[in-house]
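User: I am new to this structure and would like a close look at a single part of it, the metal site. Could you walk me through that part and what lies around it?

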Amino acid sequence: MITLKSPRQIEEMKQAGRMVADCHKEIAAMIRPGITTLEINDYVERRLAEMGGSQFTKGYNGYEYAICASVNDVIAHGFPDKKPLRSGDIVKIDIVAIADGWIGDSCWCYAVGDISPEAQRLMQITKECMDLGISQAVAGNRLGDVQHAIQQHAEAHGYSVVRDLLGHGVGRELHEEPNYPHVGLPGKGVRLKEGMVFTIEPMLNEGTYEMKIDADGWTARTADGRLSAQYEHTIAITKDGPLVLTSQD
Ligand code: MF3
Ligand code: CO
(Lines give C-alpha, C1' and ligand atoms only; values in the text may rest on other atoms or scores of the structure.)
(Ligands and ions follow the chains in the order given, each with its own letter.)
Protein backbone atom coordinates (compact mmCIF):
# COMPACT_ATOMS: atom_id res chain seq x y z
CA MET A 1 0.00 0.00 0.00
CA ILE A 2 1.26 3.47 -0.83
CA THR A 3 0.80 5.79 2.15
CA LEU A 4 -0.04 9.34 1.14
CA LYS A 5 1.41 12.24 3.11
CA SER A 6 -0.62 15.33 3.97
CA PRO A 7 0.71 18.80 3.09
CA ARG A 8 1.57 19.22 6.76
CA GLN A 9 3.51 15.93 6.86
CA ILE A 10 5.36 16.91 3.68
CA GLU A 11 6.25 20.17 5.40
CA GLU A 12 7.66 18.13 8.32
CA MET A 13 9.63 15.95 5.90
CA LYS A 14 11.50 19.01 4.63
CA GLN A 15 13.66 18.96 7.77
CA ALA A 16 15.42 15.65 7.09
CA GLY A 17 15.61 16.51 3.40
CA ARG A 18 17.28 19.84 4.13
CA MET A 19 19.82 18.19 6.45
CA VAL A 20 20.84 15.69 3.79
CA ALA A 21 21.07 18.48 1.20
CA ASP A 22 23.23 20.61 3.51
CA CYS A 23 25.59 17.66 4.06
CA HIS A 24 25.92 17.26 0.30
CA LYS A 25 26.72 20.93 -0.20
CA GLU A 26 29.39 20.69 2.47
CA ILE A 27 30.85 17.51 0.96
CA ALA A 28 31.05 19.23 -2.43
CA ALA A 29 33.36 21.78 -0.83
CA MET A 30 35.48 19.11 0.94
CA ILE A 31 35.94 16.53 -1.77
CA ARG A 32 39.52 16.33 -3.07
CA PRO A 33 42.24 13.76 -3.74
CA GLY A 34 43.55 12.38 -0.42
CA ILE A 35 40.33 12.58 1.60
CA THR A 36 38.94 9.22 2.72
CA THR A 37 35.33 8.13 2.58
CA LEU A 38 35.55 7.22 6.27
CA GLU A 39 36.35 10.88 7.00
CA ILE A 40 33.25 11.87 5.03
CA ASN A 41 31.25 9.23 6.93
CA ASP A 42 32.30 10.62 10.30
CA TYR A 43 31.72 14.20 9.14
CA VAL A 44 28.15 13.41 8.01
CA GLU A 45 27.31 11.54 11.19
CA ARG A 46 28.48 14.51 13.29
CA ARG A 47 26.83 17.17 11.13
CA LEU A 48 23.43 15.45 11.06
CA ALA A 49 23.51 15.25 14.85
CA GLU A 50 24.52 18.93 15.08
CA MET A 51 21.58 19.84 12.85
CA GLY A 52 19.20 18.01 15.21
CA GLY A 53 18.70 14.90 13.12
CA SER A 54 20.51 11.64 12.88
CA GLN A 55 21.96 9.22 10.37
CA PHE A 56 19.65 6.33 9.54
CA THR A 57 21.74 3.70 7.76
CA LYS A 58 23.98 2.52 10.62
CA GLY A 59 22.04 -0.36 12.12
CA TYR A 60 19.68 -0.63 9.16
CA ASN A 61 19.53 -4.30 8.12
CA GLY A 62 22.96 -4.73 9.69
CA TYR A 63 24.62 -1.94 7.67
CA GLU A 64 27.42 -0.43 9.77
CA TYR A 65 28.02 3.07 8.42
CA ALA A 66 26.36 6.49 8.34
CA ILE A 67 26.78 6.80 4.55
CA CYS A 68 27.27 4.58 1.54
CA ALA A 69 30.40 5.48 -0.44
CA SER A 70 30.58 3.87 -3.86
CA VAL A 71 33.72 4.52 -5.96
CA ASN A 72 34.00 4.07 -9.77
CA ASP A 73 32.66 0.59 -10.67
CA VAL A 74 30.78 0.29 -7.37
CA ILE A 75 27.15 1.00 -8.20
CA ALA A 76 25.81 1.37 -4.65
CA HIS A 77 26.08 0.34 -0.97
CA GLY A 78 29.89 0.60 -0.85
CA PHE A 79 31.44 0.78 2.62
CA PRO A 80 33.32 3.95 3.60
CA ASP A 81 36.99 3.10 4.21
CA LYS A 82 40.45 4.54 4.90
CA LYS A 83 41.67 4.43 1.34
CA PRO A 84 42.38 7.98 0.09
CA LEU A 85 40.33 9.04 -2.92
CA ARG A 86 42.48 9.68 -6.00
CA SER A 87 42.27 12.22 -8.76
CA GLY A 88 40.14 10.71 -11.54
CA ASP A 89 37.79 8.81 -9.21
CA ILE A 90 34.07 9.36 -9.14
CA VAL A 91 32.39 8.68 -5.81
CA LYS A 92 28.70 8.35 -5.04
CA ILE A 93 27.87 9.45 -1.48
CA ASP A 94 24.43 8.26 -0.34
CA ILE A 95 23.01 9.84 2.82
CA VAL A 96 19.83 8.94 4.71
CA ALA A 97 18.77 11.14 7.64
CA ILE A 98 15.88 10.98 10.05
CA ALA A 99 14.47 14.09 11.71
CA ASP A 100 11.17 14.58 13.49
CA GLY A 101 10.40 10.92 12.68
CA TRP A 102 10.65 11.45 8.92
CA ILE A 103 13.30 10.26 6.51
CA GLY A 104 15.20 12.03 3.73
CA ASP A 105 17.37 10.13 1.23
CA SER A 106 19.72 11.57 -1.38
CA CYS A 107 22.78 10.33 -3.22
CA TRP A 108 25.16 12.60 -5.11
CA CYS A 109 28.02 11.78 -7.45
CA TYR A 110 31.27 13.71 -6.98
CA ALA A 111 34.29 14.08 -9.24
CA VAL A 112 37.61 13.77 -7.40
CA GLY A 113 40.27 16.05 -8.88
CA ASP A 114 40.42 15.82 -12.66
CA ILE A 115 38.21 13.15 -14.17
CA SER A 116 38.09 11.85 -17.73
CA PRO A 117 35.70 13.34 -20.30
CA GLU A 118 33.98 9.92 -20.35
CA ALA A 119 33.34 10.03 -16.61
CA GLN A 120 32.13 13.64 -16.86
CA ARG A 121 29.66 12.67 -19.55
CA LEU A 122 28.36 9.70 -17.57
CA MET A 123 27.79 11.96 -14.53
CA GLN A 124 26.10 14.63 -16.63
CA ILE A 125 23.68 12.24 -18.35
CA THR A 126 22.87 10.51 -15.05
CA LYS A 127 22.00 13.85 -13.46
CA GLU A 128 19.87 14.71 -16.50
CA CYS A 129 18.07 11.35 -16.15
CA MET A 130 17.20 12.12 -12.54
CA ASP A 131 15.97 15.59 -13.48
CA LEU A 132 13.89 14.25 -16.40
CA GLY A 133 12.37 11.63 -14.09
CA ILE A 134 11.50 14.33 -11.56
CA SER A 135 9.83 16.45 -14.25
CA GLN A 136 7.49 13.51 -14.98
CA ALA A 137 6.58 13.10 -11.30
CA VAL A 138 3.30 15.00 -11.47
CA ALA A 139 -0.17 13.98 -10.29
CA GLY A 140 -2.07 12.22 -13.05
CA ASN A 141 1.03 10.76 -14.72
CA ARG A 142 1.96 7.14 -14.12
CA LEU A 143 5.14 5.77 -12.61
CA GLY A 144 5.98 4.36 -16.05
CA ASP A 145 6.28 7.93 -17.34
CA VAL A 146 9.05 8.57 -14.80
CA GLN A 147 10.73 5.23 -15.58
CA HIS A 148 10.53 5.69 -19.32
CA ALA A 149 11.94 9.25 -19.31
CA ILE A 150 15.00 7.94 -17.45
CA GLN A 151 15.53 4.82 -19.54
CA GLN A 152 15.02 6.65 -22.82
CA HIS A 153 17.57 9.38 -22.06
CA ALA A 154 20.15 6.92 -20.69
CA GLU A 155 19.91 4.49 -23.58
CA ALA A 156 19.88 7.28 -26.19
CA HIS A 157 23.34 8.17 -24.86
CA GLY A 158 24.61 4.60 -24.92
CA TYR A 159 24.30 3.88 -21.20
CA SER A 160 22.43 1.10 -19.41
CA VAL A 161 20.15 1.53 -16.42
CA VAL A 162 20.64 -0.75 -13.40
CA ARG A 163 17.61 -3.02 -12.94
CA ASP A 164 18.28 -4.71 -9.62
CA LEU A 165 18.34 -1.67 -7.29
CA LEU A 166 15.11 0.24 -6.91
CA GLY A 167 13.62 3.62 -6.26
CA HIS A 168 11.25 3.56 -3.30
CA GLY A 169 8.62 5.32 -1.28
CA VAL A 170 9.94 7.29 1.71
CA GLY A 171 8.25 8.37 4.92
CA ARG A 172 8.62 7.16 8.47
CA GLU A 173 10.32 4.14 6.86
CA LEU A 174 13.25 4.29 4.43
CA HIS A 175 11.74 1.78 2.04
CA GLU A 176 8.01 2.08 1.47
CA GLU A 177 5.92 1.29 -1.57
CA PRO A 178 6.24 1.80 -4.44
CA ASN A 179 9.51 -0.05 -5.10
CA TYR A 180 10.34 0.31 -8.77
CA PRO A 181 13.21 -0.03 -11.27
CA HIS A 182 14.25 3.04 -13.29
CA VAL A 183 13.10 1.45 -16.55
CA GLY A 184 9.56 1.07 -17.81
CA LEU A 185 6.87 2.00 -20.26
CA PRO A 186 5.00 5.30 -20.54
CA GLY A 187 1.38 5.15 -19.44
CA LYS A 188 2.00 2.01 -17.32
CA GLY A 189 2.28 1.48 -13.59
CA VAL A 190 0.62 3.18 -10.64
CA ARG A 191 -0.99 6.53 -11.16
CA LEU A 192 0.84 9.32 -9.33
CA LYS A 193 -1.18 11.17 -6.71
CA GLU A 194 -0.74 14.24 -4.58
CA GLY A 195 0.88 13.13 -1.29
CA MET A 196 3.10 10.40 -2.70
CA VAL A 197 6.71 10.73 -1.57
CA PHE A 198 9.40 8.63 -3.21
CA THR A 199 12.97 8.62 -4.40
CA ILE A 200 14.12 9.01 -7.98
CA GLU A 201 17.60 7.50 -8.03
CA PRO A 202 18.76 6.25 -11.42
CA MET A 203 22.03 4.32 -11.60
CA LEU A 204 23.62 4.43 -15.05
CA ASN A 205 26.42 2.16 -16.25
CA GLU A 206 28.87 2.66 -19.10
CA GLY A 207 28.58 -1.01 -20.04
CA THR A 208 26.18 -3.76 -18.99
CA TYR A 209 23.44 -3.16 -16.45
CA GLU A 210 24.33 -6.46 -14.80
CA MET A 211 25.75 -6.23 -11.30
CA LYS A 212 27.44 -8.49 -8.80
CA ILE A 213 27.58 -8.28 -5.02
CA ASP A 214 30.90 -8.59 -3.16
CA ALA A 215 31.46 -11.24 -0.48
CA ASP A 216 30.66 -8.55 2.13
CA GLY A 217 27.01 -8.96 1.11
CA TRP A 218 26.52 -5.24 0.33
CA THR A 219 28.93 -3.75 -2.21
CA ALA A 220 27.18 -3.80 -5.59
CA ARG A 221 29.55 -3.50 -8.59
CA THR A 222 29.15 -3.47 -12.32
CA ALA A 223 29.60 -7.02 -13.62
CA ASP A 224 32.06 -5.76 -16.27
CA GLY A 225 34.08 -3.44 -14.02
CA ARG A 226 33.11 -0.29 -15.95
CA LEU A 227 31.96 2.98 -14.36
CA SER A 228 28.60 3.62 -12.72
CA ALA A 229 27.03 6.91 -11.63
CA GLN A 230 24.01 7.76 -9.52
CA TYR A 231 22.05 10.78 -8.37
CA GLU A 232 19.09 10.54 -6.02
CA HIS A 233 16.50 12.94 -4.67
CA THR A 234 13.50 12.39 -2.41
CA ILE A 235 10.50 14.09 -3.98
CA ALA A 236 6.88 14.74 -2.99
CA ILE A 237 4.01 15.01 -5.43
CA THR A 238 2.09 18.18 -4.67
CA LYS A 239 -0.70 20.01 -6.40
CA ASP A 240 1.95 22.40 -7.69
CA GLY A 241 4.10 19.61 -9.15
CA PRO A 242 7.11 17.71 -7.84
CA LEU A 243 8.65 19.16 -4.68
CA VAL A 244 12.29 18.12 -4.22
CA LEU A 245 12.63 17.57 -0.47
CA THR A 246 16.41 17.06 -0.72
CA SER A 247 16.99 20.08 -2.99
CA GLN A 248 20.41 21.73 -2.63
CA ASP A 249 19.13 25.08 -3.99
N1 MF3 B 1 19.63 5.32 -0.67
C2 MF3 B 1 19.81 3.92 -0.44
C3 MF3 B 1 18.50 3.23 -0.73
O4 MF3 B 1 17.73 3.77 -1.42
C5 MF3 B 1 20.26 3.75 0.95
C6 MF3 B 1 20.66 2.38 1.25
S7 MF3 B 1 21.02 2.38 2.87
C8 MF3 B 1 21.61 0.90 3.32
O9 MF3 B 1 18.21 2.14 -0.32
F10 MF3 B 1 21.76 0.98 4.58
F11 MF3 B 1 20.72 -0.03 2.98
F12 MF3 B 1 22.75 0.72 2.70
CO1 CO C 1 17.20 5.51 -1.79
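Analyst: Here is a walk through the cobalt site, followed by the strands and cores of the chain.

This is a predicted model, where local features need pLDDT of at least 70, side-chain atom pairs count only at pLDDT 80 or more, and totals for chains, interfaces and linings use all residues. Residues are numbered from 1 along each chain as its sequence is written, chains are lettered from A and ligands numbered from 1 in the order in which they are written, and side-chain values use heavy atoms, with hydrogens and water left out.

Let's begin at the cobalt ion (ligand 2). Its protein donors are D105 (OD), H168 (NE2), E201 (OE) and E232 (OE), at 2.1 to 2.5 Å. Donors here are N, O and S atoms within 2.8 Å of the metal (3.2 Å for Na, K and Ca); water is not among the atoms, so sites may look incomplete. Along the chain, the donors of this ion are spaced D-x62-H-x32-E-x30-E. E201 sits in the loop between strand 9 (197–200) and strand 10 (203–205), while E232 sits in the loop between strand 13 (228–230) and strand 14, so the two tie together parts that are 31 residues apart in sequence. Strands (E, at least two residues) and helices (H or I, at least four) are DSSP runs numbered from the N terminus. Both E201 and E232 are buried, where buried means under 20% relative accessible area, exposed over 50% and partly exposed in between (1.4 Å probe, protein chains only).

Strand 14 (residues 233–238) runs antiparallel to strand 15 (residues 241–244), with four bridges joining them; two strands pair if DSSP finds at least two bridges between them. A hairpin of two residues links strand 14 to strand 15, and I237 stands opposite P242 in strand 15.

In the segment after strand 15 you will find S247. It counts as buried because its relative accessibility is 19%. Leaving aside neighbours within four places in sequence, S247 is in contact (heavy atoms within 4.5 Å) with R18, A21 and H233.

Finally, the largest nonpolar core has 50 residues, and I90, I93, I95, F198 and I200 have the most contacts inside it. Helix 3 (residues 117–135) gives the most to this core, with seven residues. Such a core is a set of buried Ala, Val, Leu, Ile, Met, Phe, Trp, Tyr and Cys residues joined through side-chain atoms within 4.5 Å. A second, separate core has ten residues, among them M13, V96, I103 and L174.
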